[in-house]
Amino acid sequence: MFFANQKLKASLKKLAKLQRNLTKKVKNSNRRAKAKLAIVKLHFRIARQRQALLHELSDYLTKNFDVITIEDLNVKGMLKNRKLSRAISDAGFGYLRQMIEYKAKLRNCVIVIANRFFPSSKTCSCCGKIKTDLTLVDRIFNCACGFSADRDLNAALNLNQYGLDTLTARP
């Protein structure tokens, strides 16, 4: 299941248009007040759309999986990348984690939180060798053992194994 919100993208485009339109209005006029009100309403709608998407995703994960492994990410550091900051902000990692945790309690799911420094995307999910020269531009993970996969898929496989290993290591 792929969680892309086309309505959110459309709302963000509409917001940009309304904000451009607001700058053309005369200060302290009734039309400017109306335009400002429309922007406030749209901001509220966008917040609700983001929240609905996070609820949908957390609900899907906790209903369909007994063990969920998530990474403890340095979101503040990730936001410094100007090209990805909007997408990272929209993702709402902290809020998503909160939702997953409380829904997992209700549905008796186990949550495993991977260490921030666990090299999930740099480790080969086939042989376990860590590749140190991997950059963010490299989207395909290629290992010397012959394993080749999408970088995110490789990280997901590693996180899954991390979660399973953590559960079996518990007494």
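**Close-up views of a predicted model**

**View 1. Tyr60 and its ring partner are shown together.** With a relative accessibility of 27%, Tyr60 counts as partly exposed, because that label covers values between the 20% limit for buried and the 50% limit for exposed. Please keep in mind that this model is predicted. How many aromatic pairs are there? The count comes to two aromatic pairs. In one of them, Tyr60 meets Phe65 edge-to-face, with the ring centres 6.3 Å apart and 80° between the planes. Phe65 has a relative accessibility of 37%, so Phe65 counts as partly exposed.

**View 2. Phe118 and Tyr162 form a tilted pair.** Their ring centres lie 4.6 Å apart and their planes meet at 45°, which is why the pair is called tilted. Where do the two residues sit? Phe118 belongs to the loop between strand 2 (110–114) and strand 3 (140–142), while Tyr162 is in helix 6 (residues 151–169), so this pair ties together parts that are 44 residues apart in sequence. Phe118 is partly exposed at 23% relative accessibility, and Tyr162 is partly exposed at 24%.

**View 3. A lysine lies over a ring.** Here you can find Lys131 over the face of Phe141, 5.4 Å from the ring centre.

**View 4. The largest nonpolar core brings nine residues together.** Look for Leu54, Ile68, Ile70, Leu96, Met99, Ile100, Ala104, Cys109 and Ile111. Two elements, strand 1 (67–71) and helix 5 (93–106), each give two or more residues to this core. Which element provides the largest share? Helix 5 does, with four residues. Zoom in on Ile100: leaving out residues up to four places away in sequence, Ile100 touches Ser58, Leu61, Thr62, Ile68 and Ile111. Another core, of eight residues, lies apart from the largest one, and its members include Leu8, Leu22, Ala35 and Ile39.

**View 5. Helix 1 has a buried side and an exposed face.** Helix 1 (residues 6–23) has 18 residues, which should span 26 Å at 1.5 Å a residue, and its end C-alpha atoms are indeed 26 Å apart, so the two values agree. Buried in this helix are Leu8, Ser11, Leu12, Leu15 and Leu22. These buried residues cover an arc of only 100° around the axis, so they lie on the same side of helix 1. Turned away from that side is a face carrying the exposed residues Gln6, Lys9, Lys13, Lys17 and Arg20. What do the buried residues of helix 1 pack against? Their partners are helix 2 (30–64) and helix 4 (85–91).

**View 6. Helix 2 packs against several neighbours.** For its 35 residues, a span of 51 Å is expected at 1.5 Å a residue, and the end C-alpha atoms of helix 2 are 51 Å apart, which agrees. Its buried residues are Arg32, Ala35, Ile39, Leu42, Ile46, Gln49, Leu54, Ser58 and Thr62. Follow them outward and you meet helix 1, strand 1, helix 4 and helix 5, against which these buried residues of helix 2 pack.

**View 7. Lys129 sits in a loop.** You will find Lys129 between strand 2 and strand 3. Setting aside neighbours within four places in sequence, Lys129 is in contact with Lys122, Thr123, Cys124 and Ala144. Cys145 is 16 residues away from Lys129 along the chain, and their C-alpha atoms are separated by 8.9 Å.

Definitions and conventions:
Residues numbered from 1 in each chain as written. Predicted model: local features only at pLDDT ≥ 70, side-chain atom pairs only at ≥ 80, totals over all residues. Heavy atoms only, no water. Phe/Tyr/Trp six-rings, centres within 6.5 Å; stacked < 30°, edge-to-face > 60°. Buried < 20%, exposed > 50% of the residue type's maximum accessible area, 1.4 Å probe, protein only. Lys NZ or Arg CZ within 6 Å of the ring centre and 35° of its normal. Core = buried A, V, L, I, M, F, W, Y, C linked by side-chain atoms within 4.5 Å. Contact = heavy atoms within 4.5 Å. Expected span 1.5 Å × (residues − 1). Arc of directions from axis to C-beta.
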